[in-house]
Each structure stands twice: as structure tokens, then as C-alpha cells.
Amino acid sequence: MFGKKKEVEEIIEREDGLTDYDVYIMGGTEKIVNIILAAVVLFTVGYIFYHSIPLSALLMLFALKWPKIRTRQIIEKRKGQLTLQFKDMLYSLASALSVGKSVEIGIQDALKDLMVIYPDPQTDILLELGYILRGIGMNCTVESMFSQFAERAHLEDIDNFVDIFVTCKRTGGDLMEVMRSTSNTIGEKIEVKHEIETTISGKKYEFNLMMVLPVVMVLFLTLTSGDYMKPVFTTIVGKIAMTVAIAIFGLSYLVGSKVMKITV
């Protein structure tokens with residue numbers, strides 16, 4: 001029990017909770033690794049389609065765009081995880097309020113509960129609750145701390161909760177009902193999203209397969225019918241045709257990615 005209290009105090013004392021969840025800055029090493037991996041993939045695809053080292057090397061230049069795409073993926077994943085963590089926090093906070101505890105004590109109890117669910121001390125919701133408690137300890141209001149959190153989270157569910165929470169605190173509304181209804185709403189949205197993901201998981205698999213299939217087909221034809229494919233690699237018309245094919249290939253990936261992305 002003493003060890004758990006000490007861990008809570010350590011989280012509260014940290015000052016690294018000010019994270020803007022719409023921003024992710026790659027470290028130098030991470031960025032270089034991502035560029036190298038993307039460059040290797042692009043060079044391989046380019047060589048399969050062109051059989052030309054200069055043209056394949058030219059295609060590698062698009063690897064410079066990959067860190068930006070990867071950054072967007074990391075931000076979306078992190079915000080999705082934060083939504084799940086926030087839902088767990090609301091359940092725990094609602095449980096504390098239901099037995100008559102104050103919001104401040106309820107947040108402390110929620111932090112202890114979440115430390116069991118999320119053992120990693122760097123989990124976003126643990127750092128956020130620690131920062132909120134630290135602000136309360138410096139005489140900041142609960143409303144202002146939650147508002148700061150919402151401004152940095154950029155999530156509709158958290159924005160809605162904070163708006164209702166602030167209104168309830170100022171007007172004396174039923175906080176317990178707010179916690180219960182908000183956690184239920186977020187939970188239902190997550191369940192709906194999970195059902196959609198399950199429904200289209202097969203289509204996603206087919207999409208990924210279709211993205212790989214053209215490269216495999218060209219490689220297969222090159223290995224089994226070299227004379228048939230030779231004009232494609234040695235003539236201007238063939239290289240233009242391959243360039244158009246790669247452009248269609250990239251456009252299909254962008255369109256398919258947007259179609260598969262469903263927001264709830």
C-alpha cells in the first residue's frame with residue numbers, strides 16, 4: 001500500500017504531462033530509420049518495375065515523405081489509445097463519486113485504479129491525471145485543469161465531457177450522472193467502432209493483398225517470362241507504362257486508405 005502511494009506521488013510530481021496530442025516530433029534517429037526503411041522498399045519496388053538503378057534511386061526520393069505519413073499514423077493511434085484510457089478513467093471516477101467522495105479525491109482514486117490497469121508509468125492518462133492533481137495542489141481549479149487537458153487532447157469526447165463538467169460545477173449539476181452518461185456514450189462509440197473494424201477487417205486484408213499483388217505479378221513475370229517482359233524494361237514506352245502503373249498504384253493506396261478510415 002505504501003509503495004502504491006509513493007508511485008502516485010512520483011507521477012503527481014512529474015512536469016512532463018503537457019503534451020499536445022496533435023503534435024508528434026520524431027527524434028533524429030527515428031526519422032532516419034523510417035526514411036531508410038521506406039527508401040529500401042521504394043528502391044526494391046522501383047527496380048522490380050524498371051530494372052534501372054538510376055530510376056529506382058529517383059523513386060527513393062519519395063521516402064522523404066514517409067516520416068510525415070508515419071507521424072500522422074502515430075498521432076491517430078495515440079489519440080485512439082487516449083480515448084480508451086479516458087473511458088476507463090471516467091468509470092473509475094464515477095465509481096468514486098457514487099460513494100460520496102469529492103472530485104479531487106475521486107481523481108486520486110482513479111489514478112490508483114488506472115495504475116493497476118496500465119502498469120507503464122509513462123501511460124498518457126496517468127501523466128495527465130498526475131498533472132491535474134499537481135495543478136489542484138497549486139490551488140488551480142479542477143475545471144481549469146480539465147479544460148487544459150481538453151485543449152491539448154483535441155478529442156471530441158473529452159471536449160464534450162469537459163464542457164458538461166464545467167457547467168455542472170458552476171451550476172451545481174449532478175456530476176455522478178454526467179460521469180455515468182459520458183462513460184456510457186464513449187463506451188458505446190468504441191463498441192460501434194470495434195464492430196465496424198471487425199466487419200471491414202476482411203476488406204482491409206484484401207486491400208493490403210491487392211497493394212502487394214502488382215509487385216509480385218511483375219516479379220513473377222520477370223522471372224518466368226524474361227523475354228516477354230524485356231521490352232517493358234528496355235523501351236521508352238515500356239518505362240512510361242511502368243511509371244503510369246506505379247502512379248496508379250500509389251493513387252489506389254491513397255484512395256483505399258481514406259475509404260477504409262471510418263470515424264464514429
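This is a short talk on the charged side chains of one chain, with helix 4 as the thread.

Before anything else: the model is predicted. Please keep that in mind as I go through it.

I will start with helix 4, which covers residues 66-98. One of its residues is K68. Is K68 buried or exposed? K68 is exposed, because its relative accessible area is 60% and the cut-off for exposed is over 50%. K68 also belongs to a positive surface patch, formed together with K65, R72 and K258.

Now go along to Q85, which is also in helix 4. Q85 has a relative accessible area of 8% and is buried. Which residues does Q85 touch, leaving aside its neighbours within four places in sequence? The contacts are Y118, T123, D124 and I125. Hold on to D124, since that residue comes back shortly.

Next, the salt bridges. Side chains of opposite charge can pair when their charged atoms come close. How many salt bridges does the structure hold? There are five, and I will go through three of them.

The pair I take up to begin with is D22 and K79, with the closest N and O atoms 2.8 Å apart. This salt bridge links distant parts of the chain: D22 sits in the loop between helix 1 (2-13) and helix 2 (28-50), K79 sits in helix 4, and 57 residues separate the two. D22 is partly exposed, at 38% relative accessible area. K79 has 14%, and because buried means under 20%, K79 counts as buried.

Then there is D124 again, in a salt bridge with R78. Here the closest N and O atoms are 2.6 Å apart. Where do the two partners lie? D124 is in helix 6, residues 124-137, and R78 is in helix 4, so to speak 46 residues away in the chain. D124 is buried, with 9% relative accessible area, whereas R78 is partly exposed, with 24%. To repeat the link, D124 is also among the contacts of Q85.

The last pair is E128 and R152, whose side chains meet in a salt bridge at 2.9 Å, N to O. E128 is in helix 6 and R152 is in helix 7, residues 142-153, with the two positions 24 residues apart in numbering. Are these partners buried or exposed? Both E128 and R152 are buried.

To sum up, helix 4 holds the exposed K68 and the buried Q85. Helix 4 also supplies K79 for the pair with D22 and R78 for the pair with D124. That is the end of the talk.

Terms used. Residues are numbered from 1 along each chain as its sequence is written. This is a predicted model: local features need pLDDT of at least 70, side-chain atom pairs count only at pLDDT 80 or more; totals for chains, interfaces and linings use all residues. Side-chain values use heavy atoms; hydrogens and water are left out. Patches are made of residues with over 30% relative accessible area and no salt bridge: like charges are joined within 9 Å, nonpolar side chains (Val, Leu, Ile, Met, Phe, Trp, Tyr) within 5 Å. Accessible areas come from the Shrake-Rupley method with a 1.4 Å probe; for residues, only the protein chains shown count as cover. A salt bridge is a side-chain nitrogen of Lys or Arg within 4 Å of a carboxyl oxygen of Asp or Glu. Lys and Arg count as positive and Asp and Glu as negative; His and the chain ends are not counted. The place of a charge is taken as NZ of Lys, CZ of Arg, CG of Asp or CD of Glu. Helices (H or I, at least four residues) and strands (E, at least two) are DSSP runs, numbered from the N terminus. Buried means under 20% relative accessible area, exposed over 50%, partly exposed in between (1.4 Å probe, protein chains only). Contact means heavy atoms within 4.5 Å.
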